[in-house]
Protein chains: 2
Amino acid sequence: MKKLINQPENSLNEMLLGMTKAYPEYLTRLENTNVLIRQNLDGQKVAVVSGGGSGHEPTHAGYIGKGMLDAAVAGDIFTSPTPDQIYEAIKAVDRGKGVLLVVKNYSGDVMNFDMAKELAEMEGIEIEQVIVNDDVAVEDSTFTAGRRGIAGTVLVHKIAGAAVERGWDLQKVKAVAEKSIKRIHSMGMALSPCTVPSAGKPNFTLAEDEVEIGTGIHGEPGTHREKIKTADELTEELFNKIQADEPIKSGEEVALMVNGMGATPLMELYIVNNKVHDLLKSLGTTIHRTFVGEYMTSLEMAGMSLTVLKLDDELKSLLDDPADTPAFKIIN
Amino acid sequence: MKKLINQPENSLNEMLLGMTKAYPEYLTRLENTNVLIRQNLDGQKVAVVSGGGSGHEPTHAGYIGKGMLDAAVAGDIFTSPTPDQIYEAIKAVDRGKGVLLVVKNYSGDVMNFDMAKELAEMEGIEIEQVIVNDDVAVEDSTFTAGRRGIAGTVLVHKIAGAAVERGWDLQKVKAVAEKSIKRIHSMGMALSPCTVPSAGKPNFTLAEDEVEIGTGIHGEPGTHREKIKTADELTEELFNKIQADEPIKSGEEVALMVNGMGATPLMELYIVNNKVHDLLKSLGTTIHRTFVGEYMTSLEMAGMSLTVLKLDDELKSLLDDPADTPAFKIIN
């Protein structure tokens, strides 16, 4: 294991320290927790809280700021945060207008966010939850009942955060987040595994000429393994699976995310993007916005995922609203 | 070699296609070239042009936009672009106010940008050049006479681009770019090599427990190899080398960049950032801005570099000016 770390057990804490030192204008740490909250919480607005296991950076704390998240709760690497920490986050950012929890669909996360939600309800905090399950690869998986939540979660942060900035109430913010979730479909693949520091060895193995299709963001098994093919062929394979699940029709407008898993050069993501654009255009689809980069990573795993969000006028407009966070900025 | 590519010889072209498709609002491709230029070149301003070998994405084309570059010329992977392509870029973005070339100090780049500059001068274009040589690791290297230009180049783009937006003339833009270059010092290290697609094999080898200190962004040798140490120890080693070269004194203000080489998880970069902040603070230094991420990569090399820019009031103010490019945004 060759990593830029100190003691593996200190990695989470040192990372959170490093984030707050990098972005003091955006975020601050809630004392004695692994919760980062937005600096200068402004106005009497609904709050949006997300979180989950670490190792997916910049997810989630990189999306704290104007037009996205108010708090992010960090669990240990690939491990759900505990209910008490989630509850601390909720209390810290609630401004009397209620809180929306955005949770990726993993059993541990769903259970712990649920428990935190109950604690908040007992304190009289108005609170709602949405579960992101954008990964079309497999129906149930190692850590999941139902589909997994992956890179599309970032777009849910963006939509919900924009709705909040417009002053919408909790029920309306929740409704539009749920609409976006129904319209977001993703699929990923891996060229190589990653190593959780405390485990000290790779989370799976692949032969030199082999890739795994449908891999999750914790290295969970996908649909199958196959010999490596060209970028165009692999891209088309992922795209076809998304398209089979939720056909994209001529005249529709979409947002596209080409997400790197951690170790994939940006050059390769642009090569993939070139092909996805051609595939979408051949369907008569308009691509309203494209995001290419590392948005939802798996430590140093090599690979990528595609995310397609079918837009309507409302979602398009929310997606275009300004956002100002460390890892996601929209300037109008 | 496990990569998301098609034919290796098509990688550069497909990457440029993928970039223009991702960011049509920012950039467009100059026909029959590997030059990307800014969409909507506005006003009668000085133009800033950079470029170099590909494989360092988002450098340079990711920095095209308001407050940074007007054009980026892409060579093949780790290979200088040719003078004719650089000349095409210059002609395309010159608006009668002159052009500043920002060149990383590699023999091939310096020679080819020089030739392009001469071609432009013969056409009566007012043109100046600055050479970035921020890498304190080694004095001469595989592809360089003098010090190499690495991640600090991105901050030179930022400073020069901000000066242009303020309407400064070419000589004044050049002068402030040169001032910033004198004040930027960087140092990198590698945990693993990378593979240029056309070569098909890694550009160097390291033992399982070994890192290389001072490695260049093309895998050029650094100062030495050593057994891997903790992130804190490695960070201090790089920082001390920068500090020995250009002591940072109490009361000084700096901008800091913690740059990932391509395959290093963001989590590790934040752990490094945590230590650099402590080191700078122990010197009594104020850190005005911190940039953590992949700004100047080496394909899928694992490793990082530190860059320190010593600020004065002018540089601080230019650094804080708005920027809007695909890979670098400053919102005020």
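# A guided tour, beginning at A:Asp321

Select A:Asp321, which is placed in the loop between α8 and β13 of chain A. The model on display is a predicted one. A:Asp321 counts as buried because its relative accessible area is 17%, and the limit for buried is under 20%. Show its side chain together with that of A:Arg166: the two make a polar contact at 2.8 Å. Leaving aside residues up to four places away in sequence, A:Asp321 touches A:Lys158, A:Ala162, A:Arg166, A:Ile330 and A:Asn332.

Next, select helix α8 of chain A, residues 313-320. Which of its residues are buried? They are A:Leu315, A:Leu318, A:Leu319 and A:Asp320. These buried residues pack against two helices, α4 (153-165) and α5 (170-183), and against the strands β10 (253-260), β11 (286-293), β12 (302-310) and β14 (329-330) of chain A. At the start of the helix, look for A:Asp312, where a side-chain oxygen comes to within 3.2 Å of the backbone nitrogen of A:Glu314.

Now colour chain A by domain. The domain assignment gives domain 1 as residues 11-132 and domain 2 as residues 185-324. Taken over C-alpha atoms, the centres of these two domains of chain A are 25 Å apart. Where they meet, 16 residues of domain 1 are in contact with 16 residues of domain 2. The area buried between the two domains of chain A is about 1300 Å², with carbon and sulfur atoms giving 61% of it. On the side of domain 1 that touches domain 2 there are eight nonpolar, five polar and three charged residues. How many salt bridges are found between domain 1 and domain 2 of chain A? The count is zero, whereas eight residue pairs are in polar contact across this interface.

While chain A is in view, select A:Arg38, A:Lys45, A:Lys66, A:Asp70, A:Arg95 and A:Glu165, which a network of salt bridges links together.

Bring chain B into view and turn to the interface between the chains. Each side contributes residues to the contact: 56 from chain A and 56 from chain B. Together the chains bury about 4900 Å², 62% of it on carbon and sulfur atoms. Highlight A:Lys2, A:Leu4 and A:Met267, since no other three residues supply more of the area that chain A buries against chain B; their share is 19%. Four salt bridges cross the interface. One to display joins B:Glu268 and A:Lys3, with the closest N and O atoms 3.8 Å apart. There are also 24 residue pairs in polar contact between the chains. Among the elements giving two or more residues to the side of chain A that touches chain B are α1 (11-22), α6 (231-245) and α7 (266-282). Helix α7 of chain A gives the most, with ten residues. By class, this side of chain A has 29 nonpolar, twelve polar and 15 charged residues.

The last stops are in chain B. Select B:Lys310, which counts as buried at 7% relative accessibility. Its side chain meets that of B:Glu252 in a salt bridge (3.2 Å, N to O). B:Glu252 lies in the loop between α6 and β10 and B:Lys310 in strand β12, so this salt bridge ties together parts of chain B that are 58 residues apart in sequence. The side chain of B:Lys310 also forms a salt bridge with B:Glu246 (3.5 Å, N to O). B:Glu246 is partly exposed, at 29% relative accessibility.

Finally, select B:Asp312 and B:Lys179, whose side chains meet in a salt bridge at 2.6 Å, N to O. B:Asp312 sits in the loop between β12 and α8 of chain B, and B:Lys179 in helix α5, 133 residues apart.

Key
Residues numbered from 1 in each chain as written. Chains lettered and ligands numbered in written order. Predicted model: local features only at pLDDT ≥ 70, side-chain atom pairs only at ≥ 80, totals over all residues. Heavy atoms only, no water. Domains from an automatic or database assignment. Contact = heavy atoms within 4.5 Å. Buried area = accessible area lost by both parts, 1.4 Å probe. Polar contact = N/O pair within 3.5 Å; in protein donor to acceptor, adjacent residues only side chain to side chain. Nonpolar A, V, L, I, M, F, W, Y, C, P; charged D, E, K, R; others polar. Buried < 20%, exposed > 50% of the residue type's maximum accessible area, 1.4 Å probe, protein only. Helix = DSSP H or I, 4+ residues; strand = E, 2+ residues; numbered from the N terminus.
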